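User: Please take a close look at the central sheet of this model. I would like to know how its strands are ordered and paired, and how the sheet sits relative to the rest of the chain and to the other copy.

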2 protein chains.
Amino acid sequence: MRTAAAIVALALFASPLGAQSVDRAEVGRILDEGLNRSEVMRTVQHLTDHIGPRLTNSPGMRAAEDWTLSKFRDWGLKNAHKEGFDFGRGWWIERASARMVSPRPIALTAIPIAWTPATAGKISAPVIVAPMSEERHFARYRGQLAGKIVLVTLPNDGSEPGDPAFRRYSGDELAKLDVYDQPKYDPEASDRRMKRLDYSSKLDAFLKAEGAVAYATMSPRDGKLVHGAGYLFGAGETQQVPGVEIAAEDYRRLARLAKQGPAPVVELENVVHFVDTDTKAYNIIADIPGSDPSGAYVMAGAHMDSWVAGDGAVDNGAGVAMVMEAARILQAMGVKPKRTIRFALWAGEEQGLLGSMAYVEQHIAARQRKPGSADTGLARFYGWANRWPITRQPGYGQLAAYFNLDNGSGKVRGIYAEGNGAVVPIFREWFAPFGSMGANTVAIRKTGGTDHVFFSAVGIPAFQFIQDPLDYGSRLHHTSIDTFDHIKADDMRQGAVILASFLLNAANADKALPRMPFPTEPNVTDPFAYPNPDDLD
Amino acid sequence: MRTAAAIVALALFASPLGAQSVDRAEVGRILDEGLNRSEVMRTVQHLTDHIGPRLTNSPGMRAAEDWTLSKFRDWGLKNAHKEGFDFGRGWWIERASARMVSPRPIALTAIPIAWTPATAGKISAPVIVAPMSEERHFARYRGQLAGKIVLVTLPNDGSEPGDPAFRRYSGDELAKLDVYDQPKYDPEASDRRMKRLDYSSKLDAFLKAEGAVAYATMSPRDGKLVHGAGYLFGAGETQQVPGVEIAAEDYRRLARLAKQGPAPVVELENVVHFVDTDTKAYNIIADIPGSDPSGAYVMAGAHMDSWVAGDGAVDNGAGVAMVMEAARILQAMGVKPKRTIRFALWAGEEQGLLGSMAYVEQHIAARQRKPGSADTGLARFYGWANRWPITRQPGYGQLAAYFNLDNGSGKVRGIYAEGNGAVVPIFREWFAPFGSMGANTVAIRKTGGTDHVFFSAVGIPAFQFIQDPLDYGSRLHHTSIDTFDHIKADDMRQGAVILASFLLNAANADKALPRMPFPTEPNVTDPFAYPNPDDLD
């Protein structure tokens, strides 16, 4: 009966000991500062229009590190500094072009894949369609790829988007988020995932050995949207063969023409650059100091790094700007909180939450590494949460709450309580002043995929807000149109004031937010399951 | 009481004298040929992937003229020939690029505007945002445009697409199309429209005089879709200043940066070419000869010309392929119709239905030109339908019916009866075998915007089919993703067999389809209306 599920279930029905009444006068001051003198859209516009894409360790990210640090300092925050962690190479696109030159001239919409090398000037080569997604597919194309641009994605059919691209949550949809998810645990899953991680390296080695001049993937989205995501960023681990992601419509046309022959000839030029001068990535930290002598603090964070195709607007300039705006609002109000309020802008999120993981490892809790296990690239991400035991760092007890923003620019509609039933009534009370702004859902379920998860995984009360989806998932997430003009100003101001209010409540509460039991290795595994053969392939 | 509306109302309640029972065995043979041995997707794939965009008088359109003529001949159709009409210059894009080079390098998604001249090599210039849409706006920017790339569109906000991009008609929606529209007639409307037509020329002259190096418009659609439509195609009327349409996200970013200054610098290269060797455009005509000694014929048509950004797939390679497939099916069946069945592939539709207009003028009916009125460019389109009287050509009585396809690749759901109530019960009968394929709506209303309208305007029973909208209007119409992979094969085969069946019914009917009264100048004008001051501006 020591399963995590059972323990969580008890916590769910505990009384809300930590509930605090909200200081409505403070909320009024937050609303005044955050709605009448908002800077949030100026902040996100600078990050996006002026700085642009912020791939970790790229020049754009470096510029963003400097600019946000100086902003925090200008606003009067204390302890503003960078915290470095081992990452890998930077990379950026100076310019790139892709054209079909035969059988007829046509501009292709395409983008270099992150961390692939430059082409040797302007190259021109026939394409070959060689769909490969596993190592066993290589044999089919051996001896056929020399001098070719290799199209490695299997073409699909055109999409039929039957749902609106832009939407807000209905009350029904919000209610459906409030479902308790029992923990699932499969201790071997991450090992299986890690086995697949080196496929990209193997494909690169195969293409290099075969003499391919470049490879191309098909955009996973229709409509001329491209992304350019690539995952081999470690120092010494980047690819040898230039790669390009081609818009789905253009890729499918190339594939059809190649099938009918003669193979189309494509002209590619990727003028891209690696940056090796500093392989450390940096999180940006700044504080509004608290009076509590224990060093207790609460924290808000958002990742500042982005992908390469757009300007990193809804993912996640929006979150960064709301976190910074909450800092500005509270600082402008001159708050003197009991607990320190810390603001964090993470790096390396898109490569596996690496910035927040580094913070957790250094300040909160360490997890034992399995001997011999890989600790580079995405393996770091997949491996980390499954290492046991967890060892508290000296600062473990000081972090009282962490709030994350990384769901685009949609207004805050509520918060995921991460299975921590004891915080539900407290958060309900904290949302009370914002019900008329659309925020009042406290959903018990966990959510993943962003920087609260490693805090939560070591037992810190760490939460991600629920935001209206807008067109985040449908067309903006990691795409070439993740730009400032798809950010909603009213929503951004609303999110910033709610975050500011939550931080102030958490910082000044008599009692810190209730914690879940300290995590031990869970044992809820399905004893009847056979491994998926695809996972073993 | 001689108004057109009253006459139409009488016709609505006339008995369906022309009703014919459908030969179900013929329908079975059409389905067999059109579904088991379909060529329709091969046809449209050649037009789109291989030939690509087909701007009237461009090399692509010339290739399409030759290829479709040879196809008709290969299939055994008779009288396959081209019919020329005065059009203007051809134009095509060899290659083009647009980049912001300062304050940071970023690839812009952009396309040269049709019929604008090439840039003088690769040009690099600061942008200026100078929103102009009427001549009176020029004064505001006089003296400021020299050496600049002029952004002439007023930037808007990012879109919030709340409807599904892809959809089929529900039964309710189809029912709503069956509404009788009383005629509206405003004899001065076309004059007012024509007055505005020369705005493009005036803008061009202003930009040239001011020394602008290029101008840019903003794409009317979000999401990196571009179109490149331009309307100054007449010989001697094309523009002097290079023009480019920039994707909305990229345009808005330039505009925001320019507002904050310093002005972004953009590098443009439009390698485009005019074709002056033959300023005639050509309609493609082919027949399955009938036995009727009167020379009576029925006809199906679709415009083959396209815009420049995509491959002219749903607009209107799809319609062309269905018309050609109907020809192939009927020819393969060896039909010997009573009336000749004629197939027409029009040019110049995108410039104002100019190909079908030329056919009507030459073969069906002429309309008197108003002395001194313009007869070039879009003025030809706006002016034509308002010229009176109409004079029948010798062939007027021979054309018994015209069917048009130009609503994308969505399946046929019905037909617009163009206010001709007498054909409604006949078409209902003709659709009877196809109800289980989704086609059974006969909507009394008129529809416009494509090549049946000038036939209809002179009293020919001329009709456009109702097709499922799919993503035609939302994202494909005239855009860079109007490509083969957004065409639906099942729908295309369905459309082709229905068209073939309608043509055979119309060709073999004992009585020709009932006609509306011969058009005379209508006088249904609102006696209480004041002219819209915007129209007089």
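Analyst: Two strands count as paired if DSSP finds at least two bridges between them. With that in hand, the sheet can be read strand by strand in this predicted model.

In chain A, strands β2 (residues 90–102) and β9 (residues 265–275) run antiparallel and are joined by 11 bridges. Within that pair, Trp91(A) stands opposite Phe274(A) of β9(A). Strand β9(A) also pairs with β5 (residues 123–129) of chain A, again in the antiparallel sense, over 4 bridges. Here Ala125(A) has Val266(A) in β9(A) as its bridge partner.

The order of the whole sheet is given for chain B. There, 8 strands form an open sheet in the order β3-β2-β9-β5-β6-β7-β8-β4, and the pairing is mixed. Its edges are β3 (106–107) and β4 (110–112) of chain B, each of which pairs on one side only. A parallel part of the sheet is the pair β7 (residues 214–218) and β8 (residues 243–246) of chain B, held over 4 bridges. In that pair, Tyr215(B) has Gly243(B) of β8(B) as its bridge partner.

A helix covers part of this sheet. Helix α9 (residues 248–260) of chain B lies across β2, β5, β6 (149–151), β7 and β8 of chain B. Its direction makes an angle of about 75° with β5(B).

Parts of the sheet also take part in the contact with the other copy. Between the chains, 39 residues of chain B are in contact with 39 residues of chain A. On the chain B side, the elements giving two or more residues are α3 (40–51), β2, β3 and α9. Strand β3(B) is thus listed both as an edge of the sheet and among the elements that touch chain A. The chain B side divides into 13 nonpolar, 10 polar and 16 charged residues.

The two copies superpose by a rotation of 180° with 0.0 Å of shift along the axis, at an RMSD of 0.0 Å. That is the relation of a two-fold axis. The C-alpha of chain B nearest the axis belongs to Pro164(B), at 2.1 Å from it. Both copies use the same surface, as 100% of the contact residues of chain B recur in chain A.

Within chain A, the strands described at the start fall in domain 2 (90–158 + 166–275), and the remaining division is domain 1 (18–87 + 279–508). The C-alpha centres of the two domains of chain A lie 31 Å apart. They touch through 36 residues of domain 1 and 34 residues of domain 2. From domain 1, the elements that give two or more residues to this contact are α4 (59–75), α11 (377–384), β16 (412–416) and β17 (441–443) of chain A. The largest share, 5 residues, comes from α11(A). The domain 1 side divides into 15 nonpolar, 15 polar and 6 charged residues.

As to confidence, the mean pLDDT of chain A is 92, and 93% of its residues reach 70 or more. The pLDDT is below 50 over residues 1–19 of chain A, a stretch with 35 contacts in the model beyond near neighbours in sequence. Where pLDDT is low, the predicted coordinates should not be read in detail. For the model as a whole, ipTM is 0.93 and pTM is 0.93.

Definitions and conventions. Residues are numbered from 1 along each chain as its sequence is written. Chains are lettered from A and ligands numbered from 1 in the order in which they are written. This is a predicted model: local features need pLDDT of at least 70, side-chain atom pairs count only at pLDDT 80 or more; totals for chains, interfaces and linings use all residues. Two residues are in contact if their C-beta atoms, placed from the backbone, lie within 7 Å. Axes are lines fitted to C-alpha atoms, for helices over the stretch in contact, and angles run from 0 to 180 degrees between N-to-C directions. Ala, Val, Leu, Ile, Met, Phe, Trp, Tyr, Cys and Pro count as nonpolar, Asp, Glu, Lys and Arg as charged, and the others, Gly among them, as polar. Copies are superposed by least squares on the C-alpha atoms of residues with pLDDT of at least 70 in both. Domain bounds come from an automatic or database domain assignment. pLDDT is the predictor's confidence in each residue, from 0 to 100.
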